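Please open the model in the viewer and display the whole chain. The tour below begins with the overall surface and ends at a single site.

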Amino acid sequence: SDLDTVRSAAGHPRLLVDRDPLVLVLAEGEAFPARLAEAVGRKFGVLSLDPGPGPLRPALSEWVGDEQGWGRIKLVLIYHHLRSGTTLERCRRLVQDEACPLPILMAGTEEEADLKRNRAVAAGAVDYMVIEPFHVLTVIRTLDQTFKLFS
């Protein structure tokens, strides 16, 4: 059934575009990651993960290896719809509990973007990106700027 497909996809990373630099997209379901991959796939790789409540690294073991680094993943994008917990909690846990050295972008609606940006930065993200409404050039420009700052 469709529900079983959704359940089996949860917790398992899916490579949507195989290219470097690789962006890890944390989101519930495949709709947003697929849309992002279609929009930025000529320039960036996209790895999608519908995360469970636990730490991310074990779910990403085939991508990050068992070293301290995060393998080919160079940026984490957290989309505002997550199955378990809030995006701010996920970001905080990534930074504090998993000592993630990668830049983290949080993404969501235009509504109260400044407030969301402040909260995202306070939680350890480098920025908040408006992706609803979805403007391809803005998304690409934000990803470009973030990679330049942190490479």
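Begin with the surface of the whole protein chain: its accessible area comes to about 8,000 Å², of which 51% belongs to carbon and sulfur atoms. Please keep in mind throughout that this is a predicted model.

Next, select the C-alpha atoms alone. Along the principal axes, they fill a box of roughly 35 × 35 × 30 Å. The radius of gyration of the protein chain is 14 Å, which agrees with the value near 15 Å that a compact globule of 151 residues would have.

Now switch to a cartoon view. The protein chain contains six helices and six strands, and from the N terminus on these elements follow the order α-β-β-α-β-α-β-α-β-α-β-α.

Colour the residues by burial: 44% of the 151 residues count as buried. Then display contacts between residues at least 6 apart in sequence; of these, 61% join residues at least 24 apart.

For the last stop, select Ile78, His80, Thr87, Leu88, Met106, Ala107, Gly108, Lys116, Arg119 and Tyr128, which line the largest pocket. The elements that contribute two or more residues to this lining are α4 (87-96), β5 (104-109) and α5 (113-122). Which element gives the largest share of the lining? That element is β5, with three residues.

Colour the selection by residue character to see that the lining divides into five nonpolar, three polar and two charged residues. Finally, display the space that they border: the largest pocket holds about 160 Å³.

Methods. Residues are numbered from 1 along each chain as its sequence is written. This is a predicted model: local features need pLDDT of at least 70, side-chain atom pairs count only at pLDDT 80 or more; totals for chains, interfaces and linings use all residues. Side-chain values use heavy atoms; hydrogens and water are left out. On a 1 Å grid over the protein atoms alone, a cavity is a set of points where a 1.4 Å probe fits but cannot get out, and a pocket is an open set with protein on both sides within 12 Å along at least five of seven lines; lining residues have an atom within 4 Å of a point. Grid points are joined across faces, edges and corners, and a volume is the space filled by probe spheres set on the points. Helices (H or I, at least four residues) and strands (E, at least two) are DSSP runs, numbered from the N terminus. Ala, Val, Leu, Ile, Met, Phe, Trp, Tyr, Cys and Pro count as nonpolar, Asp, Glu, Lys and Arg as charged, and the others, Gly among them, as polar. The radius of gyration is taken over C-alpha atoms; the globule rule is 2.2 Å times the number of residues to the power 0.38. Buried means under 20% relative accessible area, exposed over 50%, partly exposed in between (1.4 Å probe, protein chains only). Contact means heavy atoms within 4.5 Å. Accessible areas come from the Shrake-Rupley method with a 1.4 Å probe; for residues, only the protein chains shown count as cover.
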